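Please open the structure in the viewer and keep the sequence panel visible beside it. The tour below proposes a series of selections and describes what each one shows.

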Amino acid sequence: TNPVFTGLQTTIFETMSRMANATGAINLGQGFPDVDGPEDVRRIAASALIDGPNQYPPMLGLPELRQAVAETNKRFYDLDVDWQSEVLVTSGATEALADSLMALLEPGDEVILIEPLYDCYLPLVKRAGGIPVRLRVTPPHWRLDLEALAAAFTENTKAILINNPMNPAAKVFSEDELSEIARLCIEYGVYAICDEVYEHLLFDGRAHMPLMAFPGMRERCVRIGSAGKTFSLTGWKVGYITAAPNLLDPIAKAHQFVTFTTPPNLQKAVAYGLAKEDDYFFDLRDDLQEKRDRISRGLAALGFGVLPCAGTYFVTCDVSPLGLEGDDVAICQQLVEEAGVAVVPVSAFYVSDAPSNFVRFCFCKRDSVIDGALERLGDWV
Ligand code: PMP
Ligand code: GLN
């Protein structure tokens, strides 16, 4: 067996959802909305299941979805994208990440990763032969230390993997941080793999800035999005990549032997969804901002050290003010078994030397569910 995967644990998201299902806990662990995304989008998929397309679509994705991805790049970020040579549809952002790393890395290439990091990054980088070089942002503000960033770049650096907005830190990278990342990528000839699945979930008037839109970065970035997040349909696993042809071409070669294609009926519905008016995207964000405020207020009132949340649908809390016994993993165990609320220990997003006093709450839930969880937590703390 391959040493990267041998001994790896089941992901924390699956683990916490299994525990929530087994115990009847309210699940604020794994990130998924508890209300399915737009009904009209689902109806398009349903009729496409009956009327087609149901056979293999083009390997790069349905033309109408690739066109829609190109158009949203223009609409939201003023990026000019050629849908035929610069867009690839994948089975979720996860496949997009795997394809990109397999295609762009050669054994021994260094890849800069920023902790706390999303769970699939490290195993995928390693399995693609990359050497992970870890940097860290620290709470409460999760600012990037620009000196440490510069020190991480060497002549062996092939890529940096950036998640913006960032799960679970709920951080949105500042323009200064992104400019510095761009400057270093250009200086060292490095690719940026940009996991931007939460691109429409920024709060308090913030606007998403894709690294790809920074000067000199258009040819260096692989920009990854996910219909799962943008349309609250996480089980669909429809993702999309935007990248210059010289990057997209090898990534598509990886894709053709990983999944080859993604269900065409779902692609058709996502194409329709991406063409929605701006208001759809703004309402999604505004609705989540209210939920962020609702859960943050409630948790703060219970004594949790609620950290700022600038984007994503997660809020991270310091549990040390509560004076509970044990580390974050033990506390999550108690929360699910005793309080009846499943959350995620933030140490799961670290390779080593993890902080042990933070837990992540997912708030893309009905208000009644958030209130129910707060009530259970209130009875318990
Ligand atoms: N990247 C990040 C940062 C995520 O939080 C997630 C979670 N869904 C993914 C990628 C995976 O997206 P998908 O379900 O489209 O594969
Ligand atoms: N991205 C989701 C999260 O952070 C989970 C996705 C998954 O379970 N793989 O909770």
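The stops that follow pass from the overall model to its domains, a sheet, a helix and the ligands.

**The whole model**

Begin with the entire complex, coloured by confidence. This is a predicted model, and the chain averages a pLDDT of 97. A score of at least 70 is reached by 100% of the residues. For the complex, the predictor reports an ipTM of 0.98 and a pTM of 0.98.

**The two domains**

Next, colour the chain by domain. Domain 1 consists of two segments, 12-30 and 279-380, while domain 2 covers 39-276. The centres of domain 1 and domain 2, taken over C-alpha atoms, are 26 Å apart. Where they touch, domain 1 supplies 25 residues and domain 2 supplies 23 residues.

Now select the side of domain 1 that touches domain 2. The elements giving two or more residues to this side are helix H12 (278-301), strand S10 (314-318) and strand S13 (358-362). The largest share, 7 residues, comes from H12. By class, this side of domain 1 has 18 nonpolar, 4 polar and 3 charged residues.

**The four-stranded sheet**

Two of those elements, S10 and S13, lead to the next selection. Display strands S9, S10, S13 and S12, which form an open sheet in that order with antiparallel pairing. Strand S9 (305-306) and strand S12 (344-345) are the edge strands, each pairing on one side only.

Cross the sheet from S9. S9 and S10 are paired by 2 bridges in the antiparallel sense, and Gly305 has Asp318 of S10 as its bridge partner. Select Asp318 and continue across: its bridge partner in S13 is Phe358. S10 and S13 run antiparallel and are joined by 5 bridges. The crossing ends at S12, which pairs with S13 in the antiparallel sense over 2 bridges; here Val344 has Arg360 of S13 as its bridge partner.

Remain on S13 and show its side chains. In a regular strand, side chains alternate between the two faces of the sheet. In S13, Phe358, Arg360 and Cys362 point one way, whereas Val359 and Phe361 point the other way. Are the residues of S13 buried or exposed? The strand is mostly covered, with 5 of its 5 residues buried.

**Helix H11**

Move to helix H11, residues 264-274. This helix is mostly covered, and 11 of its 11 residues are buried. Among the buried residues of H11 are Lys268, Asn265 and Gln267, as well as Leu266, Val270 and Tyr272. Which elements cover the buried residues of H11? To see them, add helix H2 (39-51), helix H3 (63-77), strand S2 (87-90) and helix H9 (227-230), which are included in that cover.

**The ligand sites**

Select ligand 1 and the 14 residues around it. Those that come nearest are Gly92, Ala93, Thr94, Asn167 and Ser226. Helix H5 (residues 92-104) provides the largest share of this shell, 3 residues. By class, the shell around ligand 1 has 9 polar, 3 nonpolar and 2 charged residues.

Finally, select ligand 2. Thr11, Phe13, Gln30, Gly31 and Asn167 surround this ligand. Its shell has 4 polar residues, 1 nonpolar residue and no charged residues. Keep Asn167 highlighted as the last selection: this residue is among those nearest to ligand 1 and also belongs to the surroundings of ligand 2.

How values were computed. Residues numbered from 1 in each chain as written. Chains lettered and ligands numbered in written order. Predicted model: local features only at pLDDT ≥ 70, side-chain atom pairs only at ≥ 80, totals over all residues. Near = placed C-beta within 6 Å. Nonpolar A, V, L, I, M, F, W, Y, C, P; charged D, E, K, R; others polar. Buried ≥ 20, exposed ≤ 12 C-beta atoms within 10 Å, placed from the backbone. Contact = placed C-beta atoms within 7 Å. Domains from an automatic or database assignment. pLDDT = per-residue confidence, 0-100. Pairing = 2+ DSSP bridges.
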